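Grab a viewer and something to scribble on. The exercises below can be worked through by hand, and each comes with a solution.

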Amino acid sequence: MSGLKFVAERTGDGAGQPFLDTDNGEELMHVQPGTAVVLGSRPPESPGTLYITSKQVVWLSDTDRSKGYAVDFLSVSLHAVSRDPEAYRDPCLYAQIDNGVEDGESESSSDEGDVSSDLSRITELRLVPSDPNQVDTLFQIFCDCAELNPEPIEEEEEEHNWIFSADQLENQEAEEDSEWMISQNSTHPIGRSNGDHDLAHNVLQLQINDQRFEDAEEMDSDSKNGHHHS
């Protein structure tokens, strides 16, 4: 599931830490204590600790072990440093979340319903460290982790390119045939045709017309010569 997710479990003593998918190579990259989180237009939640892994961003409440939020880097469509007090009162890291929901279905004003369902509608996230000087550090780590999580559409593109290449190959073969046929009468190139049959017909017509032109020229030449001799 894409978008923001609720984290109700953690490992370790005290405030605990998020579970890591170590079997798939997930590593903890950075821990930022004293970080508040702002989900969409909701009020900030704090105190909490931010955990940035090689796969996701996790915020865990320091006071409630059953409360936390996580978003995969693949769902983070944009991240930026925000220092504009009109946008938010404190310096923070702003992120846009691709939740896979069509526009108009996002952030609901209803307080009812499943928590995870409500979170899936969130499309904006702000991470506000208590030390504003850490914002640039968080931004750089986001950049590094984003590079570790490229868009998973490359395989589809390769497959598409392969199909396209096959079409190109067929077109190239057709063009080679066309070039060979056109070369039979290279002095009068014709427009490219959709099919070999039409192309052959056009070439045949062209040759017939050429013959007519030649006959007409000979007749015209003979008549001129005849008139000249007389």
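Here are four exercises on this predicted model, each followed by its steps.

**Exercise 1. Work out the strand order of the open sheet of 5 strands, and find which strands stand at its edges.**

Step 1. Start with strand β6, residues 68-72. On one side, β6 runs antiparallel to strand β1 (residues 5-6), and 2 bridges join them. To see this pairing in the model, look at F6, whose bridge partner in β6 is Y69.

Step 2. Now take strand β5, residues 56-61, which pairs with β6 in the antiparallel sense over 5 bridges. Here L60 has G68 as its bridge partner. Follow the chain from β5 to β6 and you pass through a hairpin of 6 residues.

Step 3. Extend the sheet and you get the order β1-β6-β5-β4-β2, with antiparallel pairing. The strands at the edges are β1 and β2 (28-32); each has a single partner strand, so one side of each is left without a neighbour in the sheet.

Step 4. Finish with a look at how covered β6 is: 4 of its 5 residues are buried.

**Exercise 2. Find the salt-bridge partner of K5 and say which parts of the chain the pair ties together.**

Step 1. The structure holds 5 salt bridges. In one of them K5 is joined to D72, with 3.4 Å between the closest N and O atoms; that passes, because the cut-off is 4 Å.

Step 2. Place both ends. K5 lies in strand β1 and D72 in strand β6, so the pair ties together parts that are 67 residues apart in sequence.

Step 3. Check the exposure. K5 counts as partly exposed at 22% relative accessibility, and D72 is partly exposed too, with a relative accessible area of 27%.

**Exercise 3. For the salt bridges K67–E45 and R83–D136, locate each end and decide whether it is buried or partly exposed.**

Step 1. In the K67–E45 pair, the closest N and O atoms are 2.7 Å apart. K67 sits in the loop between β5 and β6, while E45 is in the loop between β3 (35-39) and β4 (48-53), so parts 22 residues apart in sequence are tied together.

Step 2. K67 comes out partly exposed, with a relative accessible area of 26%. E45 has 13%, and since buried means under 20%, it goes in the buried bin.

Step 3. For R83 and D136, the closest N and O atoms are 2.8 Å apart. R83 is in the loop between β7 (76-82) and β8 (92-97) and D136 is in helix α2 (residues 135-148), so this pair links parts that are 53 residues apart in sequence.

Step 4. Both ends are partly exposed: R83 has a relative accessible area of 49%, and D136 has 42%.

**Exercise 4. Describe the largest nonpolar core and trace the contacts of L39.**

Step 1. Count the core: the largest one has 22 residues, and those with the most contacts inside it are L4, L39, I52, L125 and L127.

Step 2. Ask which elements feed it. Two or more residues each come from β3, β4, β5, β6, β8, β9 (124-129) and α2. The largest share, 4 residues, comes from α2.

Step 3. Zoom in on L39. Leaving aside its neighbours within four places in sequence, L39 is in contact with L4, E45, Y69, L119, I122, E124 and L125.

Step 4. Tie this to the earlier exercises. E45, a contact of L39, forms the salt bridge with K67. Y69, another contact of L39, is the bridge partner of F6.

Notes. Residues are numbered from 1 along each chain as its sequence is written. This is a predicted model: local features need pLDDT of at least 70, side-chain atom pairs count only at pLDDT 80 or more; totals for chains, interfaces and linings use all residues. Side-chain values use heavy atoms; hydrogens and water are left out. Buried means under 20% relative accessible area, exposed over 50%, partly exposed in between (1.4 Å probe, protein chains only). Two strands pair if DSSP finds at least two bridges between them. A salt bridge is a side-chain nitrogen of Lys or Arg within 4 Å of a carboxyl oxygen of Asp or Glu. A nonpolar core is a set of buried Ala, Val, Leu, Ile, Met, Phe, Trp, Tyr and Cys residues joined through side-chain atoms within 4.5 Å. Contact means heavy atoms within 4.5 Å.
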